Amino acid sequence: MEVWSNTLTKENKMKRIVIGLLCVCLLLSFAAGVGAKTLKFAFMPGIADPFYFTMEKGAKAMAEELGVELIVGEFPKAWGPEYQVPILKALVARGDIDLLFTAPTSTEALIPVLKEIHDSGIPIITVDTYLGDGDYSKSSKYSFPLSYIGTDNFLGGQVVAGAMAVLLGGEGKVFLENTNPDVSSVIGRENGFRAGIEIFPGMELVGVEYCLDLQETAAAQVSAALQKDPDIAGVFGVNVFSAQGAYQAVASAGLVGAVKIATWDATLTLIEALRKGEIDLILAQMPAEMGALCVEWGYKHLTEGAEIPKKVIPGFFVFTKDNVNDPDAQQYIYQ
Ligand code: T6T
């Protein structure tokens, strides 16, 4: 070795220095490239509505803060796997997605679709809705997502039932307008409401209908229920379109005030109705926070190896006529 180095000519020494420097530069640029790789997250919403638009805003703000590129799938025009799945497939077909967060539009139908995406190497968080019974902590055909990030819908349903009982003085017939029987969020609300109503012996849930997330159908179903049973004293609409349809039906029947209306999702339409005293309660979820949490947890998972809790549950806020104009409450309106 010594002999070899002693025999190097000046020219060869220079060559070695230049090659050495080039190697160092290459290593440095490789390291910088790896460190600076921009993560790409995909967000696939459930439907075009103010809830998911607000979620997108929260996700975008966090993505900007963390330097993540957020790719948002086209918002489906209607609810259901037949609308959501083709958009979802096109979204991940790009081939450069590092993580997907999405609201499955069915507890069962989305399992094989999302499993395939997961098995292709894309980690998944389900947001707002979950697969199966939502317990990703025990091994099952649907336990592959990293986490469910969304509201405790059962608890919210119970809270609404309690508030409805208070509005009705603990007695009366109530009707529930729902959307889809195979969607975790809205079924959680229905189950929570049923459980909450049962606590009050004077209260009776006289009917449940499913509008498939179509406001006109919700309005028609609530109108029919009110005609069939004029004793209905309260209606609960479990999401944006079922709630807005329920409000529309009660108003066009001329029953505003006489029939109490509890709603879910703080759209501007419902907030205005509450301000006018035409509805009685709105449960607001935290969609912006949900979107931000998906990006933040996904980022921590991919960059630091952080383990995401299997359930991350943001709170909710209940609007009534007494707090709807409070400056502090305005942040909970979807916009
Ligand atoms: O209520 C939200 C969401 O939580 C639910 O899963 C589907 O409906 C909404 O998007 C409101 O329309």
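Here a trainee and a mentor talk through a predicted model.

Trainee: Let's start broad. How many helices and strands are there in the protein?
Mentor: Remember this is a predicted model. Buried residues make up 45% of its 335 residues, and among contacts between residues at least 6 apart in sequence, 74% join residues at least 24 apart. As for the elements, the protein has 11 helices and 12 strands.

Trainee: On to the ligand. Which residues come nearest to it?
Mentor: The shell around the ligand has 15 residues. By class, seven of them are nonpolar, five polar and three charged. Those that come nearest are Asp-49, Phe-51, Ser-185, Asn-239 and Val-240.

Trainee: Which domains supply at least three residues each to that shell?
Mentor: Take the helices to begin with: helix 3 (50–66), helix 7 (184–198) and helix 9 (240–252) each give at least two residues to the shell. On the domain level, at least three residues come from each of domain 1 (40–151 + 287–314) and domain 2 (153–284).

Trainee: Now helix 5. Why do its buried residues lie on the same side?
Mentor: The buried residues of helix 5 (residues 110–119) are Leu-110, Leu-114 and Ile-117. An α-helix has 3.6 residues a turn, so residues three or four places apart point the same way. Leu-110, Leu-114 and Ile-117 share one side of helix 5 because they cover an arc of only 55° around the axis.

Trainee: And on the other side of helix 5, which residues are exposed?
Mentor: Start from the buried residues of helix 5, which pack against helix 4 (81–92), strand 3 (99–102) and strand 4 (124–127). Turn to the other side of the helix and you find the exposed ones: Pro-112, Glu-116 and Asp-119.

Trainee: What about just after helix 5: which residue takes a positive phi there?
Mentor: Step past the end of helix 5 and look at the backbone. The phi is about 105° there, and the residue is Gly-121.

Trainee: Last one, Gly-157. Is this residue buried or exposed?
Mentor: Gly-157 lies in helix 6 (residues 153–167). A residue counts as buried if 20 or more other C-beta atoms lie within 10 Å of its own. Gly-157 has 27 within that distance, so it is buried.

Trainee: How many Å apart in space are Gly-157 and Gly-192, C-alpha to C-alpha?
Mentor: Leaving out residues up to four places away in sequence, Gly-157 touches several residues, including Gly-188, Arg-189, Gly-192 and Gly-196. Gly-157 and Gly-192 are 35 residues apart in sequence. In space, C-alpha to C-alpha, they are apart by 4.2 Å.

Key: Residues are numbered from 1 along each chain as its sequence is written. This is a predicted model: local features need pLDDT of at least 70, side-chain atom pairs count only at pLDDT 80 or more; totals for chains, interfaces and linings use all residues. A residue is near a molecule or strand if its C-beta atom, placed from the backbone, lies within 6 Å of it. Helices (H or I, at least four residues) and strands (E, at least two) are DSSP runs, numbered from the N terminus. Ala, Val, Leu, Ile, Met, Phe, Trp, Tyr, Cys and Pro count as nonpolar, Asp, Glu, Lys and Arg as charged, and the others, Gly among them, as polar. Domain bounds come from an automatic or database domain assignment. A residue is buried if 20 or more other C-beta atoms lie within 10 Å of its own, exposed if 12 or fewer, and partly exposed in between; C-beta atoms are placed from the backbone. The arc is that of the directions from the helix axis to the C-beta atoms. Two residues are in contact if their C-beta atoms, placed from the backbone, lie within 7 Å.
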